[in-house]
Amino acid sequence: MTLFHFGNCIALGYVPYLIVYRCSGLAEYSAFWKCVQAGAIYLFTQLCKMLLLATFFPTSDFSSGNIDFVAEFMKTTVDLGDLIGFYFILNNTPAKGELRFLIAGMGWASAEFVMTRFVPFWMGARGTEFDWKYIQMSLESNLNLMQHLATATLVWLWTRRDLYQSIQPIVVAILALSCYKPLVMELLIFAVGLGSWPLLLVKAIFTSLISLVALQLFKSLQATSNHYSSR
């Protein structure tokens, strides 16, 4: 029974990754090792972020029941390093533009899943007692896949020279909102006292909105490019 629960969590968390990999065209272009390289850049980026956090931002004390907004804001600002990691992947991946952000998002999300989900699943989901938190972790990993694909798309759009100047501030604002998403969620927990399931629902809505905006911006850019190429 414990291995069955573990298998369910792994399947619920990682099967969507396989579906996206198969159906997005990445499998047809043999992009597996490129995704692995993107995952390696994820690991290096997280190592640099941990060193920065450990050096300049000591652990906050919440024993008083208060939140230090400035300190948490500065800590979350370190997540801007993820954008640098995505930018490096996009600039160093030998593939056409549409595949670059798919490789970046898939490799980044897969590496995050392995590093942050597999060990908790192995140690906890095989326990004698059923716990919903592992199902929630699996569902959240799917949201992370959406989030990282959207972030990679937005970074790719930002690097495009044919992107309208009026759209660039929108792209930058959404990227900043994506980076400060953990701080927004933490403030909601502190201010409203959201439980685990309502918080997961809020994350799903938040991620879906960002993903839809990124998709719409990408489609508008593609439509503009096709218009000029057909003239």
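How many residues apart are Glu 72 and Lys 75 in helix H3, and what does that separation come to in helical turns? Hold on to that one, everybody, and I'll come back to it in a few minutes.

Hi all. What we have on the screen is a predicted model, so please keep that in mind throughout. Let me start with the overall picture.

The chain contains 9 helices and 0 strands. If you walk along from the N terminus, the order of elements reads α-α-α-α-α-α-α-α-α. For overall dimensions, the C-alpha atoms fit a box of roughly 65 × 45 × 30 Å along the principal axes. A compact globule of 231 residues would have a radius of gyration near 17 Å, and this chain comes out at 19 Å, which agrees.

How is the chain packed? Of its 231 residues, 42% count as buried. Take the contacts between residues at least 6 apart in sequence: 78% of those join residues that are at least 24 apart. On the outside, the chain exposes about 13,100 Å², with carbon and sulfur atoms supplying 68% of that area.

Now let's go inside. The largest nonpolar core has 53 residues, and the two that touch the most other members are Leu 26 and Leu 154. Many helices feed into this core: H1 (2-23), H2 (32-56), H4 (80-91), H5, H6 (132-159), H7 (168-179), H8 (181-192) and H9 (196-230) each give at least two residues. If you'd like to zoom in on Leu 154, leave aside residues up to four places away in sequence, and you'll find it touching Val 171, Ile 174, Leu 175, Ile 210, Ala 214 and Leu 217.

While we're in this area, have a look at Gln 147, which sits in helix H6. Is Gln 147 buried or exposed? It's buried, because its relative accessible area is 7%, and the cut-off for buried is under 20%. Again leaving out residues up to four places away, Gln 147 touches Ser 178, Lys 181, Thr 207 and Ile 210. So you'll have spotted Ile 210 twice now: it is among the contacts of Leu 154 and also among those of Gln 147.

Next, charges. Side chains of opposite charge can pair when their charged atoms come close. In this structure there are 5 salt bridges, and I'll walk you through some of them.

One of them joins Asp 82 and Lys 49, with 3.1 Å between the closest N and O atoms. Asp 82 is in helix H4 and Lys 49 is in helix H2, so this pair ties together parts that lie 33 residues apart in sequence. Both of these residues are buried. There's a third partner here as well: Asp 79 is linked with Lys 49 and Asp 82 in a network of salt bridges.

Now back to my opening puzzle. Glu 72 and Lys 75 form a salt bridge through their side chains, at 3.8 Å from N to O. They are 3 residues apart in helix H3 (residues 69-77), so about one helical turn separates them. Both Glu 72 and Lys 75 are buried.

Another pair is Glu 140 with Lys 203, where the N to O distance is 2.8 Å. Glu 140 belongs to helix H6 and Lys 203 to helix H9, so here the bridge ties together parts 63 residues apart in sequence. The two ends sit in different surroundings, if you look at accessibility: Glu 140 is partly exposed, at 21% relative accessible area, whereas Lys 203 is buried, at 15%.

Let's finish on the surface. Which residues form a nonpolar patch there? They are Leu 3, Leu 43, Val 114, Met 115, Phe 118, Val 119, Trp 122 and Met 123, and together they have about 800 Å² of accessible area. Helix H5 (residues 97-125) gives the largest share, 6 residues. Val 114 is a handy one to click on: it lies in helix H5 and is partly exposed, with a relative accessible area of 45%.

One last stop, in the loop between H1 and H2, where you'll find Ser 30. Ser 30 is not a glycine, yet it has a positive phi of about 50 degrees. With a relative accessibility of 57%, Ser 30 counts as exposed.

That's my tour. Thanks for listening, everyone!

How values were computed. Residues are numbered from 1 along each chain as its sequence is written. This is a predicted model: local features need pLDDT of at least 70, side-chain atom pairs count only at pLDDT 80 or more; totals for chains, interfaces and linings use all residues. Side-chain values use heavy atoms; hydrogens and water are left out. Patches are made of residues with over 30% relative accessible area and no salt bridge: like charges are joined within 9 Å, nonpolar side chains (Val, Leu, Ile, Met, Phe, Trp, Tyr) within 5 Å. Accessible areas come from the Shrake-Rupley method with a 1.4 Å probe; for residues, only the protein chains shown count as cover. A salt bridge is a side-chain nitrogen of Lys or Arg within 4 Å of a carboxyl oxygen of Asp or Glu. Helices (H or I, at least four residues) and strands (E, at least two) are DSSP runs, numbered from the N terminus. Buried means under 20% relative accessible area, exposed over 50%, partly exposed in between (1.4 Å probe, protein chains only). A nonpolar core is a set of buried Ala, Val, Leu, Ile, Met, Phe, Trp, Tyr and Cys residues joined through side-chain atoms within 4.5 Å. Contact means heavy atoms within 4.5 Å. The radius of gyration is taken over C-alpha atoms; the globule rule is 2.2 Å times the number of residues to the power 0.38.
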